[in-house]
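Me: I've got a structure to go through and I'd like a close look at one part of it. Could you walk me through how two helices pack against each other?

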Amino acid sequence: MVESECLLRDYDDASLETMRESFRRDGFVVFHNAIESSIASTLRIRLDEVLDGRYSRGYPPDKIPSLRTPSETTTTTATATTKNGKEKTKDGGAGGGGSRVVQVVNVHKSDIDFRRLATSSDIGRVVSILGGWERGARLAQDQVWHKPPGAPPLVFHRDSPYFMFEPNDVITVWIALDDMDDEVGPLEYVRGSHLWGDGRFGSCRYFFGKRKNKNNNNNYTDLLYSAARREGITDPESTLAVVSLAGMRTGGMSVHNGRTWHGSGRNASSVRSRRGYGLHFVPAEVRFTAEMRFSKLWRGYVPDDDDDVVDIAKIDIPEEDFPLTYDPRWQGAEGGACGSPVPPPPHDIG
């Protein structure tokens, strides 16, 4: 279990206010060595346990790939039989599934250590200050992205369209669980792209970049370039300011605006995995919206179309699933251990 009293290194208000200007200008900021590498190591172990079907909180994540067999370990391979009876090799490392990109959604519901980091008031405070969220921050969702050796790219995209709250602000925290270099396909940001409009052609249907475009190239930049051209950028291939997180060590952290375009290339390594933990935050006072009916993940929180009686905007936000991680009024509250959210006094955020 993660036993460090402070999960996140201390960043004073003055430093964060300075970084806030960069956040507003660029759409992201980077914190090197934000958490201890030992914490990241623990989370890698816990991820293996979750993928083996062992949940320290007693519940599975909202989305998880097929569970591995007990005999599979982080260094072995096994074979699995497909629906057509053919055998395929299955990577026994964290995530399984050979070179397939593995996504685990809301692992904080399953594991104590992921939950502790996801609900850290230290991270919530950083998010609130960078975003200018006066009432604090609430965790909307988390996800682990695991790219085993040979895994394809993740297409450039924005996070905000996938979150159906009001207000619609989203800030994502991304934590490196492995060392990042060019070979493993590190996260990449397009500086200033959070200021672009909403227009683009295409969709993220091929989110993992497996489809080829008309030039027989991998399509993970296609949506990005179409959006850039609609912004009047005529030669995005050579003019966009793409910033790579190559060089970030285990425990490094980035924070980006939900409207910032980002993606990552394929993991070209034959031996190394690339794992990252993403935390998506929304303002503390958010309310549900009718659009949530169209989300497989969130449709259960709102009534269906046949129910015209309930005012969706007045539905209480379940604290267990969407925990409040930081409220400025918690400052100085008794029992406010570093890294742990302080139970707030009774009040109505809405």
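Reply: Here is a walk through one pair of helices, with a few words on confidence and on one ring pair at the end.

Keep in mind that this is a predicted model. The pair to look at is helix H1, residues 13-26, and helix H4, residues 121-131. Two packed helices are described by the angle between their axes and the distance between the axes. Here the axes come within 8 Å and cross at roughly 50°. Angles from 65 to 115 degrees would count as roughly perpendicular and those under 35 as roughly parallel, so H1 and H4 are oblique to each other. As for handedness, their crossing is right-handed.

Now for who touches whom. On the H1 side you'll find Asp13, Leu16, Glu17, Met19, Arg20 and Phe23, and they meet Arg125, Val126, Ile129 and Leu130 from H4. Sort the residues of this contact by type and you get six nonpolar, four charged and no polar ones.

How far can you trust the picture? The chain has an average pLDDT of 83, with 77% of the residues scoring at least 70. Residues 70-97 stay under 50, and the model gives them 56 contacts beyond four places in sequence. Residues 339-350 are also below 50, with 30 contacts beyond near neighbours in sequence.

Finally, the rings. The whole structure holds 11 aromatic pairs. One of them is Phe156 with Tyr220: the ring centres are 5.6 Å apart and the planes sit at 25°, so this pair is stacked. Phe156 belongs to strand S6, while Tyr220 lies in the loop between strand S9 and helix H5, so the pair links parts of the chain 64 residues apart.

Terms used:
Residues numbered from 1 in each chain as written. Predicted model: local features only at pLDDT ≥ 70, side-chain atom pairs only at ≥ 80, totals over all residues. Heavy atoms only, no water. pLDDT = per-residue confidence, 0-100. Contact = heavy atoms within 4.5 Å. Axes fitted to C-alpha atoms, helices over the stretch in contact; angles between N-to-C directions. Helix = DSSP H or I, 4+ residues; strand = E, 2+ residues; numbered from the N terminus. Parallel < 35°, antiparallel > 145°, perpendicular 65-115°, else oblique. Left-handed = near helix turned anticlockwise from the far one by under 90°. Nonpolar A, V, L, I, M, F, W, Y, C, P; charged D, E, K, R; others polar. Phe/Tyr/Trp six-rings, centres within 6.5 Å; stacked < 30°, edge-to-face > 60°.
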